[in-house]
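Please work through the following exercises with the sequence and the model side by side. Each one sets a task and then solves it in steps.

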Amino acid sequence: MNTSQVPYLSSDTISGLFSNPDHYTLVAEVDGKVLGHVTLFISHKLRDRHSAGVAIAVHPDSHGQGIGKALLLEAIDQADNWLNLVRLELEVQTDNEAAIGLYQALGFEIEGTKRMSTFKAGKYCDLHFMSRLKFTQ
């Protein structure tokens, strides 16, 4: 699993993603099955309202099919053209080379690394901080 979330989240946690007015979520679905989602988390801090955190997940059975890219492109379009956001930021595990490559292809850059940041499969893992700045595109 390439996320810093635990494998099974509570229904309250999941419903919180969809009920907050400062969260914008897009879901990819085929035949009633959710294949992935992307959420923009707008900062509640007045001086940070130009930026949003990005969370994305694609079902493992659907990896490599372009779903993550399609979701991110739509989220970037919404951020740039509808929400007037300048900065998108995310965290990614340093061993998730496919995700890092996708993020870089869409204009995200590594800003730094948080060592031993998260616990996965019995060991500590590093996370990259990545961001995309609208005005540098």
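The exercises go from the overall fold to single residues and their partners.

The model is predicted, so local features are given only at pLDDT of at least 70 and side-chain atom pairs only at pLDDT 80 or more, whereas totals for chains, interfaces and linings use all residues. Residues are numbered from 1 along each chain as its sequence is written, and side-chain values use heavy atoms, with hydrogens and water left out.

**Exercise 1. The fold as a whole**

Task: State how many helices and strands the protein has, and in which order they run.

Solution. Helices here are DSSP runs of H or I with at least four residues and strands are runs of E with at least two, both numbered from the N terminus. By that rule the protein has three helices and six strands, and from the N terminus their order is α-β-β-β-α-β-α-β-β. Next, take burial, where buried means under 20% relative accessible area, exposed over 50%, and partly exposed in between (1.4 Å probe, protein chains only): of the 137 residues, 32% are buried. The protein exposes about 8800 Å², an area computed by the Shrake-Rupley method with a 1.4 Å probe, and carbon and sulfur atoms supply 52% of that surface. Finally, with contact meaning heavy atoms within 4.5 Å, 50% of the contacts between residues at least 6 apart in sequence join residues at least 24 apart.

**Exercise 2. The sheet and its helices**

Task: Find the order of the strands in the sheet, and describe how helices lie across it.

Solution. Two strands count as paired if DSSP finds at least two bridges between them. The six strands form an open sheet with mixed pairing in the order S1-S2-S3-S4-S6-S5. Its edge strands are S1 (23-30) and S5, each of which pairs on one side only, and neighbouring strands are turned by 25° against each other on average, direction ignored.

Within the sheet, S2 (residues 33-42) and S3 (residues 51-58) pair in the antiparallel sense over seven bridges, and threonine 39 stands opposite alanine 55 in S3. S5 and S6 are also antiparallel, over eight bridges. These two strands form a hairpin with two residues between them, and alanine 121 in the turn has a positive phi of about 50°; lysine 120 has lysine 123 in S6 as its bridge partner.

For the helices, axes are lines fitted to C-alpha atoms, over the stretch in contact in the case of helices, and angles run from 0 to 180 degrees between N-to-C directions. H2 lies across S1, S2, S3, S4 and S6, at about 30° to S2, while H3 (residues 97-105) lies across S3, S4, S5 and S6, at about 165° to S4.

**Exercise 3. Two residues of strand S6**

Task: Decide whether methionine 130 is buried or exposed, and list what serine 131 touches.

Solution. Methionine 130 belongs to strand S6 (residues 123-133), and its relative accessibility of 1% makes it buried. Beyond four places in sequence, the residues that methionine 130 touches include Leu88, Leu90, Val92, Ile100, Tyr103 and Phe108. Isoleucine 110 is 20 residues away from methionine 130 in sequence, yet the C-alpha atoms are 4.3 Å apart.

Serine 131, also in strand S6, is buried at 5% relative accessible area. Leaving aside neighbours within four places, serine 131 is in contact with Arg87, Leu88, Glu89, Gly107, Phe108, Glu109 and Glu111. The side chains of serine 131 and glutamate 111 are joined by a polar contact of 2.7 Å, that is, a pair of N or O atoms within 3.5 Å; within protein, one must be able to donate a hydrogen and the other to accept it, and residues adjacent in sequence count only if both atoms are side-chain atoms.

**Exercise 4. Salt bridges**

Task: Explain which parts of the chain are tied together by the salt bridge of arginine 132 and aspartate 80, and trace the network that includes Arg87.

Solution. A salt bridge is a side-chain nitrogen of Lys or Arg within 4 Å of a carboxyl oxygen of Asp or Glu, and the structure holds four of them. In one, the closest N and O atoms of arginine 132 and aspartate 80 are 2.8 Å apart. Arginine 132 lies in strand S6 and aspartate 80 in helix H2 (residues 67-81), so this pair ties together parts 52 residues apart in sequence; both residues are buried.

Arginine 87 forms a salt bridge with glutamate 89, at 2.6 Å between the closest N and O atoms, and another with glutamate 111, at 2.8 Å from N to O. The pair of glutamate 111 in strand S5 (residues 109-120) and arginine 87 in strand S4 (residues 87-93) links distant parts of the chain, 24 residues apart. Shared partners join Arg87, Glu89 and Glu111 into one network, in which glutamate 89 is partly exposed at 32% relative accessible area and glutamate 111 is partly exposed at 45%.
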